[in-house]
Amino acid sequence: MKLFTYAKVAGGASEALAEASGKTNSHYIAGGTNLIDLMKEEVMSPSHLIDINALNLSQIEQLGNGGVKIGALVKNSDLANHSYIRQNYPVLSRALLSGASAQLRNMASVGGNLLQRTRCSYFYDVVEPCNKRVPNSGCSAIEGYNRMHSILGTSNKCISAHPSDMCVALAALDAIIHTTGPDGDRKIDLVDFHKLPGNTPEIETVLLPDELICAVELPPSSSIFSKNWCYLKVRDRASYAFALVSAAACLEIDNGQIKSARVALGGIAPKPWRALEAEKLLSGKAPTEQTFKAAADAALKNAKGYEHNNFKIEMSKRTIVRALKVAAGGVA
Amino acid sequence: MTKDKNNLGNKPDSEHDQLKSGGQTRREFMVGAAAVSAGLATLTGMSSAESEVINDPSKVTIQVPSPPQSIAVELTVNGQTKSVSIDPRTSLLDALREYMGLTGSKKGCDHGQCGACTVLVDGRRINSCLTFAVMYQGQKVTTIEGLAEGDQLHAVQEAFVKHDGFQCGYCTPGQICSAVALLAEAKAGCASAVTSNLCAGNVSLTDEEIRERMSGNLCRCGAYPGIVEAIRSLAEAQS
């Protein structure tokens with residue numbers, strides 16, 4: 001691991017900005033479960049680490065409008081088990097509990113989870129070309145072993161998959177990211193927060209230099225999905241593995257009809273994937289298998305498989321159909 | 001078969017008593033053997049370096065890296081205050097093992113994938129290999145060495161012995177620390193990925209629940225049935 005200097009900040013988010021100001025190659029650290037791993041491999045080598053764990057961003061606050069504001073430093077395990085989240089946004093609890101292990105969920109923060117980097121093995125392997133790690137060095141995955149890679153939203157520069165489970169649920173719940181930076185505070189819709197690789201796979205989010213994630217807000221309107229929901233994760237092992245495909249399905253059912261629907265996918269795209277085409281198809285229909293199949297087809301209409309991951313197209317469709325069936329059946 | 005007491009969390013002193021054979025502990029033997037091979041390597045290295053210097057001195061460039069920052073860290077480990085001055089790159093696991101002499105926590109993968117390094121920080125289980133010790137200033141760490149009360153093993157340690165929850169023992173300190181936290185989490189009503197009703201306050205630790213909740217601890221000997229049995233026996237006693 002390369003040398004770095006270390007500083008711990010406490011108090012408000014502005015303390016972190018002040019510490020970062022004027023320093024090159026500095027990096028905030030919270031749980032560190034992804035960053036330290038990448039530093040060990042020298043995929044990332046910040047020269048200054050700013051430990052933000054003592055900032056006052058660890059609260060889960062119920063808002064007057066019925067929504068909730070989750071501090072960026074809240075641990076994944078605490079968020080998953082928070083009673084208000086379990087009752088009103090259960091798909092988020094289930095997605096969080098489906099990720100990593102109990103130990104890692106106790107360490108990983110909400111803000112850090114948003115910034116998780118891909119587990120593409122070529123990104124981790126510093127001797128292989130990778131456009132994300134070294135811009136314009138080439139993509140080893142496109143012609144390489146790409147079983148875990150994306151089938152939607154790829155480019156000819158990068159086909160890596162976003163690894164987060166939490167973000168898939170947040171995409172379905174219309175989450176809003178609160179940030180602060182040298183130019184002031186911002187609110188960014190989660191679906192606009194991550195960027196597709198295009199020609200610049202090294203740029204993964206819309207965050208600006210030194211900008212810090214402070215909180216994630218869930219709107220009250222998304223709690224209408226607390227009855228009919230499902231987070232389904234399909235993976236090689238029963239537990240503690242990244243998704244081949246995952247789906248968050250949320251339905252608002254009224255008088256036997258789908259009033260509104262949310263479908264988001266993980267493991268198959270470079271960012272948490274919101275399947276708007278599927279949602280449109282579901283809206284106003286009866287919750288039947290036929291409707292679900294049509295929605296799944298619509299979601300995967302533009303999918304493109306590679307040598308080893310073609311199976312993900314059919315697997316994604318089946319995952320969506322099953323998740324929607326479970327959601328329509330209602331959950332205790 | 002004699003169970004490896006080292007991995008059952010005995011204090012370093014009693015560990016020495018248990019493992020002494022031929023006047024030397026296993027650890028002393030390993031350290032001694034490593035020193036001998038390191039000495040040989042140094043000699044070989046010196047001779048090749050010297051010949052290079054003689055042939056072409058201009059080729060020998062020694063880059064002196066800027067010295068690492070040294071940071072004073074104070075942790076409460078197993079109830080005792082421990083102060084060390086360390087490079088910020090030191091993982092919590094390395095601080096425990098290399099600077100505090102607490103070698104019960106094991107380094108398996110060093111990437112947060114195997115769970116052998118599991119310790120408790122303020123009662124919560126974490127992977128000590130995947131975090132820097134400087135980030136835990138002033139916090140309370142419990143390692144496998146801190147679970148027993150004198151010669152009285154912790155209930156989880158006893159259950160692992162009784163139910164044959166290990167073979168080689170390398171993953172065992174992590175498994176036991178993890179299981180201690182698992183029981184506390186279940187008591188507090190924490191849900192898991194396989195808990196069908198997320199809003200139910202109480203958790204029933206079925207085998208499926210135990211397996212899911214222990215999935216962050218790998219055992220290459222495959223002692224999983226014994227591990228599940230050990231935890232189940234305590235879960236039944238707890239409920």
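This dialogue explains how to read several features of a predicted model with chains A and B.

Reader: How should the numbering and the model itself be understood?

Author: Residues are numbered from 1 along each chain as its sequence is written, while chains are lettered from A and ligands numbered from 1 in the order in which they are written. The model is predicted: local features need pLDDT of at least 70 and side-chain atom pairs count only at pLDDT 80 or more, whereas totals for chains, interfaces and linings use all residues.

Reader: How many helices and strands does chain A have?

Author: Helices (H or I, at least four residues) and strands (E, at least two) are DSSP runs, numbered from the N terminus. Chain A has 13 helices and 12 strands. Chain B has seven helices and five strands, in the order α-α-β-β-α-β-β-β-α-α-α-α from the N terminus on.

Reader: Why does the radius of gyration of chain A agree with that of a compact globule?

Author: The radius is taken over C-alpha atoms, and the globule rule is 2.2 Å times the number of residues to the power 0.38. For 332 residues the rule gives a value near 20 Å, and chain A has 20 Å, so the two agree. The C-alpha trace of chain A spans about 60 × 50 × 35 Å along its principal axes.

Reader: What share of each chain is buried?

Author: A residue is buried if 20 or more other C-beta atoms, placed from the backbone, lie within 10 Å of its own. In chain A, 54% of the 332 residues count as buried; in chain B, 42% of the 239 residues do.

Reader: What is the strand order in the open sheet of three strands in chain A?

Author: Two strands pair if DSSP finds at least two bridges between them. The order is 1-3-2, with parallel pairing. Strand 1 (5-11) and strand 2 (26-29) of chain A are the edge strands, each pairing on one side only. Six bridges join strand 1 to strand 3 (residues 48-55) of chain A, and Lys8(A) stands opposite Asp51(A) in strand 3.

Reader: Which residues form the interface between the chains, by number and class?

Author: Two residues are in contact if their C-beta atoms, placed from the backbone, lie within 7 Å. By this rule, 33 residues of chain B are in contact with 30 residues of chain A. Strand 4 of chain B gives the most to its side, with four residues. That side has 14 nonpolar (Ala, Val, Leu, Ile, Met, Phe, Trp, Tyr, Cys, Pro), five charged (Asp, Glu, Lys, Arg) and 14 polar residues (the others, Gly among them).

Key:
A residue is buried if 20 or more other C-beta atoms lie within 10 Å of its own, exposed if 12 or fewer, and partly exposed in between; C-beta atoms are placed from the backbone.
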